[in-house]
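Student: Please take a close look at one part of this model, a residue in a loop with an unusual backbone angle, and then lead me outward from there to other parts. I would like the reasoning spelled out wherever a cut-off matters.

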Amino acid sequence: MFNLESVNQLLATPVIEGATALNVEFLSNDYAAGKKVLSEIEYSLKNCNEFYISVAFITKGGITPLLEIFRELESRNIKGYILTTDYNNFTDPEALKMLSKFNNLTIKIYVTDNSVNTNGEGFHTKGYIFKKDEEKYNIIIGSSNLTLHALTKNKEWNAKITSETNEKLVHDVFTEFKVLWSANNCLDFSNYIDIYTEKFNLIKKLRENAVNAPIMSLKTYELKPNQMQVEFISNLKKLVNDHKDKALFISATGTGKTYASAFAIRELSPKKALFIVHREQIANKAKESYDVVFNQSKKLSLLSGNHKDVDSADIIFATIQTLSKKDIYQQFKSDEFETIVVDEAHRCGAPSYQEVLSYFKPKLLLGMTATPERSDDYDVYKAFGNNIVYEIRLQQALENNFLCPFHYFGITDFYVNEEDDSKLSDFRYLVSQKRVNYILDKISFYNHCGDKVRGLVFCSSKDEARELSKQFNETGRYKTVCLSGEDSQEERENAVKLLETDDPDNYLDYIFTVDIFNEGIDIPKVNQIIMLRPTQSPIVFVQQLGRGLRKHNHKEYVVILDFIGNYANNFMIPMALSGDRSYKRENLRRFVHEGNKILPGASTIHFDEIAKKRIFDSIDSTNFTEIKLIKENYKELKQKVGHIPSLMDFVLHGQMDVQCIFSNKSLGSYYTFLKKYEPQYNVKLSKLEEEFIQFISQKFGNGKRSLELNVLKLLISGEESNLLLNTEKKLGHRMTSSQKTNLKNILSNSFITGSAANSYKDVVFIEEDGNEIKISQNFKKLLSNGDFKNILEELLEYSLYKNEIEYSKDRLDNDFCLYKMYSYEDVCRLLNWEKNIVPLNIGGYKYDKTTNSLPIFINYHKSDAISSTIRYEDKFLDKYTLSWITKSKRTMTSPEVEKIVNERINGLAIDIFVRKESSSSHSESKNTTKSSDAFKEFYYLGRAHYNEGSAKEIKMTDEKNHSEVPAVQVKLSLEHSVRDDIFDYIVNK
């Protein structure tokens with residue numbers, strides 16, 4: 001029963017009239033802005049001492065993402081009280097049963113049924129109350145129920161209120177909660193759940209029957225293509241009009257490739273068409289889809305081992321096994337089919353496909369695949385003329401609601417002992433009874449969508465799959481089968497039917513396999529995917545994930561359980577889930593931390609703490625600038641475009657960020673990479689020319705400021721006079737004297753200081769000519785080399801495009817963009833300092849007299865290995881306010897402290913840059929050189945102002961000298977509230 005003691009105690013606290021302790025924040029769902037209601041509820045649950053929830057509707061989809069948190073709260077004995085209702089019979093009783101298994105949760109149902117509630121009142125509350133330390137509360141009230149879409153993607157308006165105990169709002173909310181909880185018609189879960197379940201299932205059945213009732217046949221309507229399919233058809237028509245005879249359509253599994261091709265053929269209207277697949281089951285499915293689109297306006301026929309009636313057919317659906325027989329395909333003229341569609345086009349390298357495709361001469365050969373990137377040497381792109389007609393990947397498909405949402409859980413795999421899990425590679429441990437029990441416990445806890453599990457289990461080996469299937473069967477809880485490449489097509493199809501059947505006697509719960517279901521199989525009812533193998537490739541990961549993403553009328557979501565061991569390739573998991581192929585460490589780390597907020601649609605991701613650490617270790621230990629990785633990505637892109645890729649090809653095709661090439665110490669530029677590793681590249685530059693290209697690549701190639709790039713563009717275009725004036729025309733405003741000096745120093749190579757100054761001492765772009773600047777004679781001479789000039793123009797085009805795409809949104813007047821990342825050198829350059837200051841001399845912050853600017857660099861969560869005299873306890877008090885401490889040995893009379901305190905009078909520009917320390921901060925502090933600090937990048941959080949009266953002197957311990965030293969602590973207010981996902985990523989451990 002609910003213990004009202006804490007509520008009664010709160011209600012007995014006197015209300016302070018006119019109190020102003022309320023802090024209100026608007027909550028909605030907007031993944032593009034890093035905001036989801038779910039994330040705020042997760043955060044509040046993790047940081048509360050007690051919670052109360054009153055919502056009208058609760059579904060399994062709404063609570064599944066919270067299961068891990070509820071279990072953590074149970075282990076900490078954090079009590080929760082959940083109130084819901086039978087109103088409109090919408091709340092899922094199975095969701096309530098899942099919640100009831102947690103010992104720390106008390107659940108009650110507010111009954112609106114007339115037999116119990118004679119007042120006829122409805123129940124439509126949506127409130128979440130979280131009690132924090134020091135008698136503070138977070139309260140979320142608005143429109144969001146505890147349902148999947150309400151918490152992740154629907155248009156929802158909620159207010160998050162942080163309040164003191166004595167606020168009237170807290171009293172009013174708890175008074176209402178107590179009234180509802182204590183009402184006569186508010187029944188304990190156990191006293192009403194059986195009655196409600198029976199009623200819910202009866203009404204659910206009636207609703208399903210009503211939905212399934214044949215109102216009018218779909219065939220009476222002409223089916224219309226969706227937005228993606230319209231764009232695909234438009235691109236395809238343009239390609240055909242340009243007399244191209246081959247095209248490749250790249251589309252994520254479940255996004256409607258087959259329908260898209262049907263719409264395209266309907267639009268192009270060929271006299272005769274051929275659709276090639278690798279299995280009869282898929283041919284049947286494709287024919288059914290085409291039949292809906294064409295609505296009997298065309299004759300459709302099958303050509304397979306069991307069907308060969310193709311006379312007078314307008315569109316033939318053929319299996320490659322049958323069609324590749326010489327006596328079969330030679331029944332047709334080589335030009336009989338105007339259009340040929342090849343499903344799963346990445347298979348075209350097989351001899352059977354090659355024989356068929358070399359015989360037929362269609363006007364259009366259209367290939368369709370979700371995974372054109374192959375681990376073998378077959379070039380799918382080249383096979384289709386490198387004409388990519390349209391491409392839609394997983395993230396875009398989720399954004400456009402083409403796929404079923406997923407709840408992904410990264411779970412620590414079972415390990416033999418807490419110190420060493422390397423034995424998981426040993427077959428005995430992979431199939432041990434302890435591991436099997438561990439897996440069974442997890443799949444039961446995380447559950448699945450719907451009444452019955454229909455799961456696919458991907459294993460490391462055939463032996464493992466066979467043994468695990470056997471052990472699952474021996475439990476008596478599940479019916480499973482193991483399938484491999486050794487099983488016939490008939491056996492596979494029969495297993496799929498048993499997995500999807502509703503027959504209570506003859507069915508399967510799971511199919512265990514290694515990789516035969518990675519692609520080319522359509523099982524819409526799959527509601528659980530289990531991954532019991534290391535991630536070796538983002539491609540295979542997405543393939544296996546995709547097996548559960550096909551939509552189905554009775555499937556709201558699919559549960560993905562990924563058992564994560566201590567593997568070197570674990571960094572590929574966030575790469576696959578996010579679709580981010582840039583190989584930027586910070587992007588991958590942030591996605592693991594805050595992926596829920598930035599993942600499109602209603603899908604969610606969760607990692608347990610050990611799994612999270614394993615992924616971070618993999619991210620930190622992998623060299624993303626290593627030549628092997630660069631060469632792999634280069635080869636893949638070259639196959640895609642059909643020629644030596646340009647820098648823009650890397651951008652437009654979402655390939656590895658070119659900055660990985662620029663940052664490689666043995667390369668420094670794309671030219672150097674091509675010179676060393678591309679046999680077909682025959683451009684040769686002089687040593688000085690190569691240095692110029694490397695300097696631009698490393699200093700300006702990131703596109704973080706356009707100023708230098710525009711000046712260089714003027715220089716190579718031959719505009720040698722009035723460079724500063726022409727630059728100002730491009731900028732649209734006059735440059736300050738500091739900006740002019742900064743620009744002159746950078747382009748004359750006198751900006752860099754320290755040991756790095758000699759690295760490019762001969763790279764000089766300009767010379768001073770009185771108050772003006774002009775092109776240097778050396779640079780002018782180099783531009784006479786056409787190859788050098790072409791490489792430079794390509795580099796400038798790429799860098800300016802990168803500036804426009806990545807650094808134009810949220811760009812402030814000071815050339816910085818909110819939430820973008822900048823190195824120490826970037827900051828010195830963009831602040832228009834005369835000289836670059838080496839990181840060691842910045843020491844957390846640095847005042848520049850000429851520009852009257854003071855950038856503050858914060859390493860959040862500083863390592864314990866750092867000396868206590870520089871381990872400042874800088875922390876966010878909220879999304880606007882930062883508590884910050886100066887360097888040691890500073891007092892209220894120190895010059896920089898006086899400047900900060902009087903910043904509004906003296907016009908000091910204080911900019912905040914924050915870097916979250918990685919999980920490997922200890923090793924970084926011990927093993928990296930001081931020069932590596934230059935490569936650290938910080939999030940820019942905007943301009944800050946001093947909070948009047950907040951400065952105070954404090955004492956810090958100097959462990960080395962066993963003494964105390966002074967420092968000054970101040971509060972700084974940011975001009976912009978820190979974006980939710982960035983804030984949580986930085987602040988949360």
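Tutor: Helices here are DSSP runs of H or I with at least four residues, strands are DSSP runs of E with at least two, and both are numbered from the N terminus. The model is a predicted one, and in it Asn89 is found in the loop between β3 (79–85) and α5 (93–100). Although Asn89 is not a glycine, its phi is positive, at about 55 degrees. Because buried means under 20% relative accessible area, Asn89, at 11% relative accessibility, counts as buried.

Another loop offers a useful comparison. Lys889, in the loop between β28 (881–885) and α37 (895–901), has a positive phi of about 65 degrees and is not a glycine either. Lys889, however, is exposed, with a relative accessible area of 59%.

Burial can also be followed along a whole helix. In α40 (residues 980–987), eight of the eight residues are buried, so this helix is largely enclosed by the rest of the structure. Among the buried residues of α40 are Asp980, Asp981 and Asp984, together with Ile982, Phe983 and Tyr985. The elements that cover them include β1 (23–27), α23 (585–598) and β26 (853–860), as well as β29 (909–916) and β30 (937–946).

From a covered helix we can turn to a pair of helices. Helix α10 (residues 257–268) packs with α11 (residues 280–294) at an angle of about 45 degrees, their axes lying 9 Å apart, and α10 and α11 are therefore oblique to each other. Their crossing is right-handed. Residues that make this contact include Tyr259, Phe263 and Arg266 of α10 and Tyr290, Val293 and Phe294 of α11; by class, the contact has nine nonpolar, three polar and one charged residues.

The last stop is a sheet. Seven strands form an open sheet with parallel pairing, in the order β18-β19-β17-β20-β21-β16-β22. The strands at the edges are β18 (480–482) and β22 (604–607), each with a single partner strand, so one side of each is left without a neighbour in the sheet. From one strand to the next, the twist averages 15 degrees. Helix α24 (residues 609–621) packs on this sheet, where it touches β16 (406–412), β21 (558–564) and β22, and its direction makes about 85 degrees with that of β16. At the β18 edge, the pairing with β19 (residues 510–513) is parallel and runs over three bridges, and Thr480 stands opposite Tyr510 in β19.

Note on methods. Residues are numbered from 1 along each chain as its sequence is written. This is a predicted model: local features need pLDDT of at least 70, side-chain atom pairs count only at pLDDT 80 or more; totals for chains, interfaces and linings use all residues. Side-chain values use heavy atoms; hydrogens and water are left out. Axes are lines fitted to C-alpha atoms, for helices over the stretch in contact, and angles run from 0 to 180 degrees between N-to-C directions. Angles under 35 degrees count as roughly parallel, over 145 as roughly antiparallel, 65 to 115 as roughly perpendicular and the rest as oblique. A crossing is left-handed if the near helix is turned anticlockwise from the far one by less than a right angle, and right-handed if clockwise. Contact means heavy atoms within 4.5 Å. Ala, Val, Leu, Ile, Met, Phe, Trp, Tyr, Cys and Pro count as nonpolar, Asp, Glu, Lys and Arg as charged, and the others, Gly among them, as polar. Two strands pair if DSSP finds at least two bridges between them. Buried means under 20% relative accessible area, exposed over 50%, partly exposed in between (1.4 Å probe, protein chains only).
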